[in-house]
Amino acid sequence: SMFWRTIMILWFCVPLFAGLPLCISEFAAGGRQGLIDEDGDTPDWIEIQNISSDSINLAGWTLSDNSRGGHWSFPATNLAAGKFVVVFASDKNRLQPGAPLHTNFKLKAERGDIVLQNGAERFAITNYPPQVAGISFDPSAQAYLTSPTPGFTNGKPVSLGPHILSLDRTPVQPRAADQPITITARIRRTQSEISRVNLRYR
């Protein structure tokens, strides 16, 4: 008989936003998201919501992907309480108030970071899970959305269950029937803690 050892690595995508007036309420990083910009392209995008009870001037707020390219700064424009602003993550770097906004970076589909910041105020999505074309992501629910809603309240998530990010086996082909095999499962929780993982192998 074969012996089994299971190693679980939990990936967390927990936004840090306690007490902030703004948050990243939704983003799309898998391509082909359906939202068309002024050039006829469909770049990825980041949705910001004002969750405070006051109008917020976005001057001083920045977005970044934590790369070496630095931060992209919002122009001086007001965002009313409860409202949304959608910024294209296109690398076109456009800052004209009243016109579509474009960051100076693009989002990575495989995984990455998005940081919304104003001085010490910081909303950070770290190590978000792999993204899929045509599907957006809700950071607060930590779940995928099959119907992206840029500029509007988010719809229902695809699943609130854990997401299996990858599954690896070492060795891939055992040389003997009693050779131990290590199964490495990378699993990302959504809402509740993961108490155990059952692997069934055929």
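# Strands, rings and one asparagine

Reader: Glad to be looking at this with you! About how much surface does the protein expose, and what share of it do carbon and sulfur atoms supply?

Author: Happy to help, and please keep in mind that this is a predicted model. The exposed surface of the protein comes to about 11100 Å². Of that surface, the share supplied by carbon and sulfur atoms is 52%.

Reader: How many helices and strands does the secondary structure hold?

Author: Let's start with burial: of the 202 residues, 40% count as buried. Among contacts between residues at least 6 apart in sequence, 59% join residues at least 24 apart. As for secondary structure, the tally is zero helices and 15 strands.

Reader: Let's take strand E2. How many of its residues are buried, and over how many bridges does E2 pair with E3?

Author: Strand E2 covers residues 22-28 and is mostly covered, with seven of its seven residues buried. Its pairing with strand E3, residues 44-50, is antiparallel. One of the residues involved is Ala28, whose bridge partner in E3 is Trp45. The E2 and E3 pairing runs over six bridges.

Reader: Now the rings, my favourite part. How are the planes of Phe27 and Phe137 arranged: stacked, edge-to-face or tilted?

Author: The structure holds four aromatic pairs. In the pair of Phe27 and Phe137, the ring centres are 5.6 Å apart and the planes meet at 50°. Planes under 30 degrees apart count as stacked and over 60 as edge-to-face, so this pair is tilted.

Reader: Why does that pair tie together parts that are apart in sequence, and how many residues apart are they?

Author: Phe27 is buried at 0% relative accessibility, and Phe137 is buried with a relative accessible area of 0%. Phe27 belongs to strand E2 and Phe137 to strand E12, residues 136-138, so the parts tied together are 110 residues apart in sequence.

Reader: What kind of pair do Trp72 and Phe74 make?

Author: Both Trp72 and Phe74 are buried. Their ring centres lie 4.9 Å apart with the planes at 65°, so the pair is edge-to-face.

Reader: Which residues form one aromatic cluster?

Author: Phe27 and Phe137, already met as a tilted pair, both belong to this cluster. The full set is Phe27, Tyr128, Phe137 and Tyr144.

Reader: Which strands stand at the edges of the open sheet E6-E5-E10-E11?

Author: Four strands form this open sheet in the order E6-E5-E10-E11, with antiparallel pairing. Each edge strand has a single partner strand, so one side of each is left without a neighbour in the sheet; the edges are E6 (72-73) and E11 (121-128).

Reader: In E6, which residue is the bridge partner of Thr62?

Author: Strand E5, residues 62-64, runs antiparallel to E6 and is joined to it by two bridges. For Thr62, the partner in E6 is Ser73.

Reader: One last residue, then: is Asn57 buried, exposed or partly exposed?

Author: Asn57 lies in strand E4, residues 56-57. Its relative accessible area is 39%. Buried needs under 20% and exposed over 50%, so Asn57 is partly exposed.

Reader: And what is the length of the polar contact between the side chains of Asn57 and Asn78?

Author: Leaving out residues up to four places away in sequence, Asn57 touches Ala76, Thr77 and Asn78. A polar atom of the Asn57 side chain also lies 2.9 Å from the backbone nitrogen of Ala59. Between the side chains of Asn57 and Asn78, the polar contact is 3.4 Å.

Conventions
Residues are numbered from 1 along each chain as its sequence is written. This is a predicted model: local features need pLDDT of at least 70, side-chain atom pairs count only at pLDDT 80 or more; totals for chains, interfaces and linings use all residues. Side-chain values use heavy atoms; hydrogens and water are left out. Buried means under 20% relative accessible area, exposed over 50%, partly exposed in between (1.4 Å probe, protein chains only). Two strands pair if DSSP finds at least two bridges between them. Contact means heavy atoms within 4.5 Å. A polar contact is a pair of N or O atoms within 3.5 Å; within protein, one must be able to donate a hydrogen and the other to accept it, and residues adjacent in sequence count only if both atoms are side-chain atoms. Accessible areas come from the Shrake-Rupley method with a 1.4 Å probe; for residues, only the protein chains shown count as cover. Rings of Phe, Tyr and Trp (its six-membered ring) pair if their centres lie within 6.5 Å; planes under 30 degrees apart count as stacked, over 60 as edge-to-face and the rest as tilted.
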